2 protein chains.
Amino acid sequence: MSTEGPAPLARLVAELSRLPGIGQRTAQRLAFHLLRAPDEEAFALGDAIREMKEKIGLCEECFNLAEGPLCRICSDPNRDRTTICVVEEPADVIPFERTHEYRGLYHVLGGALSPIDGVDAEDLKITELLARVGRGGVSEVVLATNPTTTGEATALYIAERLRGQVSVTRLASGLPVGADLEHADEVTLGKALAGRRSIE
Amino acid sequence: MSTEGPAPLARLVAELSRLPGIGQRTAQRLAFHLLRAPDEEAFALGDAIREMKEKIGLCEECFNLAEGPLCRICSDPNRDRTTICVVEEPADVIPFERTHEYRGLYHVLGGALSPIDGVDAEDLKITELLARVGRGGVSEVVLATNPTTTGEATALYIAERLRGQVSVTRLASGLPVGADLEHADEVTLGKALAGRRSIE
C-alpha cells in the first residue's frame, strides 16, 4: 500500500483531481464517498459520462449541443427564426434559456478570437454564421460573447463582417442586478454610466 | 431541450451534484469539462470508479481497505505487530501513513459511538479489536479516534473495555503546528494548556 491507500483508490483520486477546481484533498473525499456509496449510485456516474460522450454531438445548424443532427432549439418550429444570438460556448445557451425571455435561435462560435492563444477567425464558426445570415430570413444578430477583451474583440470582428446585411446588437453592459455600488469595479461602473437610460 | 441542455448532459449534471460539496453550478462546469475532454480521459473516470468498487474490500484483520483478504499493512512483515492504532474510518489511515513515523498496525472501527444516530458498540468493530488484543502479542493500543464528542466517547469506551489488558494511549490534543494563537479556539487552547510539557 502506498501512503494513499490501495492502487484502485489512488487511481480514482488521480482521475478526480484532473477535473477543474478539484484538488487532491477534495478528490480524496469524493473517492471515499464513492467507495461507501451503493454500487448503483457509484456506477451511475460512470454510466452518465459514457452516455453523454456517446450521445451528444454538435448541431449542424448552430453548433449547440445536440442529440441528433439538429439541436432541440433549431428543430423547434415555435422559435423565432429571424433572430440569432451569438455565444462563445454551448454552456452560454443555458443562462439565456433560463431567462425564458429569448425565443430566437443561437449560433455557438466555439470560443472567442484570441491571437495570443492561436485562436483566429477560421478556428471559430464565423464563416458558418455569415452563411446562415446570407441565406436570408434573419433580421437581427445579437452578439452575446463575454464582456471580456477576447469576447469584445470577437463581437467587433463579427459586427464588421455583418455590416449592412442585418441589424447587429450587443448585450448591455452595466451593474448586475442586486450589486452593491460601493463594490462595483470602475470599468463596469463606467459602462453602466455610459449606457444610462432615461426613466419615463 | 430543457433549459439545462440535452437529457444526457442533464443526467450527468444530476449525478455529479449528488457528490458531497458539489453544487449545481460546479456540477455543470464539470459536465462541460468532461464533454470537451477526450473520450479516453472522460471514460477513465468511470472506469476508475468501477475498478475501485470491484477490487476494494475490507481487510479481515483490521478492516482497513484491502485488495485481497488482508490489507498491505497487515500483510507487511516489517510492521511492528505489538502496536495497534485505532481509527474511525479507512480515510484516517492515510494521514498516519504520510507521517512515516508510525510503523505499527491499525484497527478501523467503521465510525464512532453516537447513540443519537443509532450507532452503538455492536455497530463498530470493537468486539474484533478486543479479540485481536485477546490473542496476545499486542503491548499498546493508540486510540486515534477524532477529537470530537463522539470520537472522545468512543475512545473512553474502548479504554474502559481494555483496562488492565494492555497499555492504552490517546493522541495528544493541542495547537496545530503553524497555528496562530490569536485565532485558537478556547477548547483547543484549554487542551494545549492542560497537556503542557516541560522543556528540557
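## Two chains, one axis, two pockets

Of the residues in chain B, Gly46(B) is the one that comes closest to the rotation axis, with its C-alpha at 1.9 Å. Keep in mind that this is a predicted model. Here's a quick look at how the chains relate and where the pockets are.

**How the two chains match up**

- Two copies of a chain are related by a rotation about an axis and a shift along it.
- Here, a turn of 180° with a shift of 0.0 Å along the axis lays chain B on chain A, with an RMSD of 0.1 Å.
- That's the relation of a two-fold axis.
- Both copies use the same surface: 98% of the contact residues of chain B turn up again in chain A.

**The largest pocket**

- Its volume is about 660 Å³.
- The lining is made of 18 residues, and those nearest the centre are Phe96(A), Thr99(A), Ala144(A), Leu171(A) and Ala172(A).
- Helix 4 (residues 93-99) of chain A gives the largest share of this lining, three residues.
- Sorted by class, the lining has eight nonpolar, six charged and four polar residues.

**The second largest pocket**

- This one holds about 560 Å³ of space.
- It is lined by 20 residues, with Thr145(B), Pro147(B), Leu171(B), Ala172(B) and Ser173(B) closest to its centre.
- Helix 4 (93-99) and helix 7 (186-194) of chain B each chip in at least two lining residues.
- By class, you'll find nine nonpolar, seven polar and four charged residues in the lining of the second largest pocket.

Definitions and conventions:
Residues are numbered from 1 along each chain as its sequence is written. Chains are lettered from A and ligands numbered from 1 in the order in which they are written. This is a predicted model: local features need pLDDT of at least 70, side-chain atom pairs count only at pLDDT 80 or more; totals for chains, interfaces and linings use all residues. Side-chain values use heavy atoms; hydrogens and water are left out. Copies are superposed by least squares on the C-alpha atoms of residues with pLDDT of at least 70 in both. Contact means heavy atoms within 4.5 Å. On a 1 Å grid over the protein atoms alone, a cavity is a set of points where a 1.4 Å probe fits but cannot get out, and a pocket is an open set with protein on both sides within 12 Å along at least five of seven lines; lining residues have an atom within 4 Å of a point. Grid points are joined across faces, edges and corners, and a volume is the space filled by probe spheres set on the points. Helices (H or I, at least four residues) and strands (E, at least two) are DSSP runs, numbered from the N terminus. Ala, Val, Leu, Ile, Met, Phe, Trp, Tyr, Cys and Pro count as nonpolar, Asp, Glu, Lys and Arg as charged, and the others, Gly among them, as polar.
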